[in-house]
Amino acid sequence: MDGVAGLTQPEVAPNGQFRYQFPLNDAGTYWYHSHAKTWSQVARGLYGPLIVEDESDPAVDHDIVLMIDDWLLANDATIDEASFGSLHDWTHGGRLGNWLTVNGESLPTIEVSKNSRVRLRLINAANARIFGLNIPASAFLVAQDGYPVPIQETRDVILGPAQRADVIIDLAEENITINETYNSDQPHPAVNLKVVDTTQTLVAKSSLDQPNLEARPTLIDVTIPLHMQGGAMGNLREANYKGKLRPIRELAQDHKKAWAFNGRIAEHHDHLANVNLGQSVSIEVWNDTRWPHAMHLHGHHFWIQKDDGSFLDGKRDTYLFQRGEKANLVFIADNPGFWLFHCHMLEHHAAGMGAVIQVS
Ligand SMILES: [Cu+2]
């Protein structure tokens with residue numbers, strides 16, 4: 001599972017079939033999507049939520065997936081075809097849409113019971129856009145990227161591409177509107193929760209139990225330095241690509257490559273590192289570019305150590321680096337296989353931001 005076409009399995013051919021069978025080891029909010037020509041296929045909607053429930057999940061009255069996307073539409077409201085593969089998008093902030101949907105609808109209204117407790121599973125399915133969501137209710141963050149976090153009250157959630165957040169909210173007697181707030185000074189309504197009378201017995205709104213969190217490793221066995229450069233307004237002058245040092249202009253114009261790891265632009269099967277099963281690993285990332293990047297590791301969740309040495313709460317599988325940011329992504333290599341580490345701003349990945357970590 002969590003494979004990549006051309007790396008762990010062949011692409012599923014047109015009219016072909018492939019059956020994915022896997023044990024559900026980790027409860028939480030996940031999603032599935034095409035990993036072949038991802039920047040095109042995900043932009044066209046080839047994805048869906050994958051929710052794994054657990055007996056120990058807190059009791060709620062409603063469990064609602066909110067899958068948020070921005071579509072780049074042409075004037076006739078069809079998908080803008082002409083802009084696919086735009087070199088500008090690949091070297092700047094990726095393919096940014098102009099039409100927001102939640103679960104494929106524009107400003108949907110979802111009915112929920114008055115005074116109910118609701119679990120919202122927020123998923124950012126956009127190619128490249130960062131979303132900020134404001135939830136005007138009593139709201140508690142309980143998980144990020146499917147992994148539990150120390151429960152904390154929060155009304156604002158920022159999600160980079162591929163990131164997820166689970167929020168439990170206690171509604172009162174009023175309807176609420178969840179607004180997108182990251183991309184404009186004006187709140188943009190994303191989804192309405194309409195409260196309705198109910199005869200159903202509602203769950204008790206007891207305080208939520210703090211999760212038992214896995215201890216971080218005290219020693220690091222392997223460090224992987226990762227200097228990320230490139231993109232528009234960046235400092236990358238040349239990079240190694242297909243065994244040859246090439247100037248950035250040639251890389252962009254002839255090969256549509258614009259981003260490098262440690263001065264090298266990897267092919268999708270090139271290895272960044274090989275580590276042994278069970279080792280503790282720290283990917284020491286320096287985002288030395290002028291753009292944020294949503295760095296995603298397949299097959300593992302990682303702890304995030306900020307530049308000052310402190311750790312963020314919980315574990316994630318995708319971390320949104322701000323421009324210039326340094327942070328260490330620390331994980332136990334407990335899952336053997338070929339695991340892609342890449343920017344989930346899909347145009348950035350296509351233009352070079354990805355490489356493989358092998359665990360064996
Ligand atoms: Cu990126």
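**Close-up views of a two-domain model**

**View 1. Polar contacts between the two domains.** Between domain 1 and domain 2, 14 residue pairs are in polar contact, both residues at pLDDT 80 or more. A polar contact is a pair of N or O atoms within 3.5 Å; within protein, one must be able to donate a hydrogen and the other to accept it, and residues adjacent in sequence count only if both atoms are side-chain atoms. On the side of domain 1 that touches domain 2, the elements giving two or more residues are α2 (87–91), β9 (147–153) and β10 (156–159). Helices (H or I, at least four residues) and strands (E, at least two) are DSSP runs, numbered from the N terminus. Strand β9 gives the largest share, five residues. This side has 13 nonpolar, 11 polar and four charged residues. Here Ala, Val, Leu, Ile, Met, Phe, Trp, Tyr, Cys and Pro count as nonpolar, Asp, Glu, Lys and Arg as charged, and the others, Gly among them, as polar.

The model is predicted: local features need pLDDT of at least 70, side-chain atom pairs count only at pLDDT 80 or more, and totals for chains, interfaces and linings use all residues. Residues are numbered from 1 along each chain as its sequence is written, and side-chain values use heavy atoms, leaving out hydrogens and water.

**View 2. The domain interface.** Domain 1 covers 57–196 and domain 2 covers 222–359; such bounds come from an automatic or database domain assignment. Their C-alpha centres lie 26 Å apart. In contact (heavy atoms within 4.5 Å) are 28 residues of domain 1 and 26 of domain 2.

**View 3. A salt bridge at D145.** D145 pairs with R316 in a salt bridge, with the closest N and O atoms 3.0 Å apart. The rule asks for a side-chain nitrogen of Lys or Arg within 4 Å of a carboxyl oxygen of Asp or Glu. Two salt bridges cross the interface of domain 1 and domain 2. D145 also takes a positive phi near 55 degrees in the hairpin of β8 and β9, which has two residues between the strands.

**View 4. A salt bridge between strands.** D170 and R117 meet through their side chains at 2.8 Å, N to O. D170 lies in β11 (residues 164–170) and R117 in β6 (residues 117–124), 53 residues apart.

Technical notes. Pairing = 2+ DSSP bridges.
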